[in-house]
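Hello,

Here is the structure we spoke of handing over. My notes on it follow below.

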Amino acid sequence: MNRIVIILSICIMACMSSTKANAYTLKGIVADAVTHRPLSGVYVYINQSARLTITNSAGQFELHHINSSEADLIATKIGFETLLYHVVAQKIPAQIRFEMSRSDSATMNGWIGSGLVKGVEWFQLFQNFYMGHSAYAAQCEILNSDVLHFKWDDSAQVLDVKTSGPLLVSNEALGYLLLLNFESFKMNKNGDMVYDATLAFKPLHSQSMDIINKWKENRKQNYATSQVAFWKSLYKDSLQQNGFSVQFIQRIFENESGYANALINKKNTTGIQSLKEGNTIVKKKFVDVPVTGNQNEITSFLKKNSLNIAVLSASQYIMQIKYRRIDAWGLDERTNGFNPFLNSLAESYSYIIFSNNPISVTQTGYAFPSSDFWLIGDWNWMGLSTAMPIDYML
């Protein structure tokens, strides 16, 4: 994941006003880039949060109680290009303005909609893997599949996915309406996915207290081992207290220097990883060598800057995160395979692979830019069905 679409270079109208300590409000207007008329019905949200609103007839919006010292503000509407503006709490200009250009329909030439025969097949492939393999996945439903468009690259054996507007997904297990925007999404028929996306959460409502209590319990249980909980714990130096343990590892691929020697050590982990090379997803053998001593300490990689942002610099390393969860992928001896729905706590592993660039983490658990790291393991398998907003429990 995941840097989205077009960075604004035009003037943006929004203002910041204090609502409580460390929280602020964003106000602004969205207009058509050509006619300069206000645009109503535009979704505006803080990436990965429950701070989501829709512009009124005058193109105006307000987002309240934003706690993140840095955040990505997204504006999106069907038929228009999605825009992103990076918010820095201490440097927000007094007047900001989103101006949205209409999408070029020609970019969809050669793409197949989800309603056509081949599109239905590819939609099922996309839905089955992207919703994830958690117990909650069956309660997730894509509400507007018509915005999805597909193109199969036969030479690369890769499925490209585009959206002509925000994708809406209802998660009845956790009680959220999810809104997604893809900059890019590629996957093969094995379910290996490489994508850039932004995400917003709108809490669902119900008249039934049983349903409301079910949502609360599911959220509480799911949050404990979520990415958001991990990033918050890392920021607050409370990983162990919250049930996470971290091991930094160096991944050496076949044909790289040191691979043959590392392979001899039976304590090292071997495997195969899917990687994006150009327009293709390829599989490469690897050996994982654990980092030892002081070099395995978080403090060797994590520093706070002057804006109180935690900066994580771990290029060439992989962060292995271990925790325990009820619906973990554990070995099922009866089938000699993996069972995603074990009834007892099982060890889970997720892996964060870093690019050569540092990433930043705020106290709310927002890690950015998400294009500079990607996930494999449990969090990847669980997919969208277990996604949680960064402002949960604030």
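**The four-strand sheet**

Val361 has Ala367 of β27 as its bridge partner. Please keep in mind throughout that this is a predicted model. The strand facing β27 here is β26 (residues 359–361), and the two run antiparallel, joined by 2 bridges.

Both strands belong to an open sheet of 4 strands, paired antiparallel in the order β20-β21-β26-β27. The edges are taken by β20 (302–304) and β27; each has a single partner strand, so one side of each has no neighbour in the sheet. Helix α3 (residues 227–235) packs on this sheet and touches β20, β21 (310–312), β26 and β27. The direction of helix α3 makes about 85° with that of β26.

**Backbone exceptions**

As background, most residues other than glycine have a negative phi, and most peptide bonds are trans. Three places in the model depart from this pattern.

- Phe368 and Pro369 are joined by a cis peptide bond, with omega at about -10°. Pro369 sits in the loop between β27 (367–368) and β28 (373–377).
- His36 is not a glycine, yet has a positive phi of about 65°. The residue is in the loop between β3 (23–32) and β4 (43–46), and is partly exposed at a relative accessible area of 46%.
- His65 also has a positive phi, of about 55°, without being a glycine. His65 belongs to strand β6 (residues 60–66), and its relative accessible area of 41% makes it partly exposed.

**Salt bridges**

Side chains of opposite charge can pair when their charged atoms come close. How many salt bridges does the model hold? The count comes to 7 with a cut-off of 4 Å between side-chain nitrogen and carboxyl oxygen. Details for some of them follow.

Glu99 and Arg97 form one salt bridge, with 2.9 Å between the closest N and O atoms. Are these two residues buried or exposed? Glu99 is buried, at a relative accessible area of 19%, and Arg97 is likewise buried, at 19%. Buried means under 20% here, so Glu99 and Arg97 both fall within that class.

Another salt bridge links Glu121 to Lys118, where the closest N and O atoms are 3.3 Å apart. The two residues are 3 residues apart in helix α1 (residues 117–130), which means that about one helical turn separates them. Glu121 is partly exposed, with a relative accessible area of 39%, and Lys118 is partly exposed too, with 37%.

The side chains of Lys322 and Glu347 also meet in a salt bridge, at 3.8 Å from N to O. Lys322 lies in strand β22 (residues 318–325) and Glu347 in strand β25 (residues 346–354), so this pair ties together parts that are 25 residues apart in sequence. Lys322 has a relative accessible area of 29% and is partly exposed; Glu347 also counts as partly exposed, at 37% relative accessibility.

**If you open the model**

Three places to look at are the sheet β20-β21-β26-β27, the cis bond between Phe368 and Pro369, and the buried pair of Glu99 and Arg97.

Regards

Methods: Residues numbered from 1 in each chain as written. Predicted model: local features only at pLDDT ≥ 70, side-chain atom pairs only at ≥ 80, totals over all residues. Heavy atoms only, no water. Buried < 20%, exposed > 50% of the residue type's maximum accessible area, 1.4 Å probe, protein only. Pairing = 2+ DSSP bridges. Contact = heavy atoms within 4.5 Å. Axes fitted to C-alpha atoms, helices over the stretch in contact; angles between N-to-C directions.
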